[in-house]
Each structure stands twice: as structure tokens, then as C-alpha cells.
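Q: I'm new to this structure and would like a guided tour. Could you show it to me and then take me through a few features?

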Amino acid sequence: MPVPIIIDCDPGHDDALAIMLAAGDPAVDLLAVTTVAGNQTLEKTTLNARRVCTVAGITDVPLAAGCDRPLVQPLAVADDVHGVSGLDGPLFPAPTVDVVPEHAVDLVHRILSGHPEPVTLVPTAPLTNIALLLTRYPQDASRIREIVLMGGSTERGNRTPAAEFNVLTDPEAADIVFRSGVPVTMCGLNVTHQALATPEVVARFEALGTPLGRTCAQLVTFFGSTYRTLWGFPSPPLHDPVAVARVLDPGLVHCVEGNVTVELHGRYTRGATVVDLHGSTGRPVNARVAVGLEAGPFWDRMVAAVAALGARAPSGPAAS
Ligand code: BDR
Ligand code: CA
């Protein structure tokens, strides 16, 4: 049986691919897509999610907008990474998929309440919506099978030397999630940097010969240009689909247990995930921590999902 999941995202180039992997792979049942402010403003991330669903032919999945700013601090977007639109690169047609008239947190609550089995949440963005859900509807914790998130790192950060973007953007929300008692799997930079979209990957998207395959190639190419400029990466890491991959086949992403604590006060380290994999702090295990990716099979699943969606999607490049 497909695993029921909800993606909470801030598209974002890698978020766009994460949505496609979740919608195009038969191992998961995508129940909803929700958006949050992060890579860009909520208005832009929501428009981008609508664009992605439109070009990928994802018309039967409810899409809802959530929080427009972090819990405590002001929003700081990543336009240097994802561009002014948050999804620079391809030209998108005017979106035909719209949002439902419901706050993301209320939509997720309604789905969790009505679904016959616990649902897996896959946040690929700052954890504001998820923290708000757990705070506003604490009874929902038992209806969440697991939270499999992209964020944090066992090693260095990317937005600061110590902190990864999604956690740094809303550290208080991440702190709530890691202390919630809900099973959490953290797919951090240490593992997502193994998902490098090499020129061979771009060529595989192109070779699909569909408008959607071309759009994916353009997304990855733009993302690659900023990663090269900002960090000197030869190929960009597609962070967010790694969290989806962990759900659709746990064997693709190897994990170990540990304690993850979010640094809230560090003068230079606010937003860092302090990851104890060896019990040296005495703090209890509160997470599975991803440490290894089966990169070959991961890309096979990613390309197959885009192929499956592209075979039925209506997309064609047009200005918007
Ligand atoms: C994370 O930050 C965002 O820019 C990406 O979409 C990803 O979710 C990586 O640090
Ligand atoms: Ca993201």
C-alpha cells in the first residue's frame, strides 16, 4: 500500500522536484501540498507550487498556503539561491491549479483527523507550519506516523558556517518539532550533498523528450549556476527530494539514531543542529539521522517519477 504523505514546502527548485517525486512515484500517496515562507515570500512560494502542480499535471491534490513568516524572527529569503521568483530558470504557463480556501495548518489537521491511518509529514522548508500544527492541535501528534524532514546537518551549515537554511529560518519551530515526541527523521546537508544533479542527470531529464523533462533540466541548470557561484559546487545538491526518497523506499536513505538539539542562543551558531550520534551528551534519542544515500537508485526513481508525470502532463513553455 502506498504511504500517505503531505509535503510542506517553499518552492524552490529542489522543492519542485520533491513535489514531482511524491506525485509521480507509486510508493507514496500524496494527500496534500502545503506552502510556507522560506526560499521566498509565501505569496511567491505558493505561486510556485501552483506552477509546479500545473506543469506536472498534479490537479487532484489539494494545495494550501500556510504561515507567511517564522514564529519569532523576521523572514530572510534565499533569493541568491533560488532567484527573484523563487523558481528562476524555466518559463511557466499561467497556473491553472489553485489553492484551497483554507490555511495549510487547518487543511493538514482536517486530513489527519479524517484519514484511516497515520500520515507521514514531509517538510522541505522552514518548520513554521509543522510547529504551529503541533501547538494548535496537539492531539494530532498521534495521527502523524512520522515527520521526515529536509533540514539541519550533522556537520557544517550552508546559510551560516553552523546553520542550514530551513532550520536557521525558523529555529524556534525546528526546536518544537525535535522536542515534540513525534518520530522525526532528519535528512540534513550531510546526506543531501550526496544527491548531486550532475550533467548526466540533466541529460536524463532532457532525454525524456517531454516539456516536463525540459522544465526539470532548466530548474536544475539554474540551481546549478547559483550553487557554483555561491559555494563552488560543480553540480547542485537536490536536497528536498531526499526526504521524499526516504519515505518511498527507506533503503535509499540510510539512517542512524541520535539526539538532535537546535541551538537557539549561540552568538555564532543560532540555528545549528547539534547532533549527538554517540550518546556523549546523555540527551535521549529523539531522531533518526540520515547519513547515507544510494545515489544511483535515487536518481532512477527521480527520473522515473518525472517520466510518469510527463507522460500525462499538459505542460508547454509559455510566459507568465
Ligand atoms: C534547503 O534550503 C532551501 O533553499 C532548499 O529548498 C532546501 O530545502 C537546503 O538548505
Ligand atoms: Ca525547500
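A: Let's begin with the ligand. A polar side-chain atom of Asn-158 lies 2.9 Å from an oxygen atom of ligand 1. That is a polar contact, meaning a pair of N or O atoms within 3.5 Å; within protein, one must be able to donate a hydrogen and the other to accept it, and residues adjacent in sequence count only if both atoms are side-chain atoms. Before going on: this is a predicted model, where local features need pLDDT of at least 70, side-chain atom pairs count only at pLDDT 80 or more, and totals for chains, interfaces and linings use all residues. Residues are numbered from 1 along each chain as its sequence is written, chains are lettered from A and ligands numbered from 1 in the order in which they are written, and side-chain values use heavy atoms, with hydrogens and water left out.

Q: How far is an oxygen atom of ligand 1 from an N or O atom in the side chain of Glu-164, and how far from one in Asn-166?
A: For Glu-164 the distance is 2.4 Å, and for Asn-166 it is 3.0 Å. The protein covers 97% of the 280 Å² of accessible area that ligand 1 has on its own. Such areas come from the Shrake-Rupley method with a 1.4 Å probe; for residues, only the protein chains shown count as cover.

Q: Which residues come nearest to ligand 1?
A: A residue is near a molecule or strand if one of its heavy atoms lies within 4 Å of it. Here 13 residues are around ligand 1, and Asp-14, Asn-39, His-82, Glu-164 and Asp-240 come nearest.

Q: Asp-240 is in H11; how many residues of that helix are buried?
A: Buried means under 20% relative accessible area, exposed over 50%, partly exposed in between (1.4 Å probe, protein chains only). Helices (H or I, at least four residues) and strands (E, at least two) are DSSP runs, numbered from the N terminus. H11 covers residues 239-248, and 10 of its 10 residues are buried. Among them are His-239, Asp-240 and Arg-246.

Q: Now a strand: which way do the residues of S6 point?
A: In a regular strand the side chains alternate between the two faces of the sheet. In S6 (residues 184-187), Val-184 and Met-186 point one way while Thr-185 and Cys-187 point the other, and all are buried.

Q: Which strands does S6 join?
A: Two strands pair if DSSP finds at least two bridges between them. S5 (residues 144-150) is joined to S6 by 4 bridges, and 2 bridges join S6 to S9 (residues 287-293). Both S5 with S6 and S6 with S9 run parallel. Met-186 stands opposite Leu-149, and its bridge partner in S9 is Val-289.

Q: What does Val-148 in S5 touch?
A: Contact means heavy atoms within 4.5 Å. Not counting residues up to four places away in sequence, Val-148 touches a set that includes Thr-185 and Cys-187, as well as Ala-243, Arg-246 and Val-247. Val-148 counts as buried because its relative accessible area is 1%.

Q: And where is Asp-140, and is it buried or exposed?
A: Asp-140 sits in the loop between H5 and S5. Asp-140 is buried, with a relative accessible area of 0%. Leaving aside neighbours within four places in sequence, Asp-140 is in contact with His-109, Leu-112, Ser-113 and Leu-133. Leu-112 belongs to helix H4 (residues 104-114) and is buried at 3% relative accessibility.

Q: Why do Cys-9 and Cys-53 not form a bond?
A: A disulfide is a pair of cysteine sulfur atoms within 2.5 Å. The sulfur of Cys-9 is 8.0 Å from its closest cysteine sulfur, in Cys-53, so the two are too far for a bond. By this rule the count comes to 0 disulfides. Cys-9 is buried at 0% relative accessibility, and Cys-53 is buried at 1%.

Q: One last feature: what kind of peptide bond joins Pro-11 and Gly-12?
A: Most residues other than glycine have a negative phi, and most peptide bonds are trans. Here the bond between Pro-11 and Gly-12 is cis, with omega about -10°. Gly-12 lies in the loop between strand S1 (3-9) and helix H1 (13-24).
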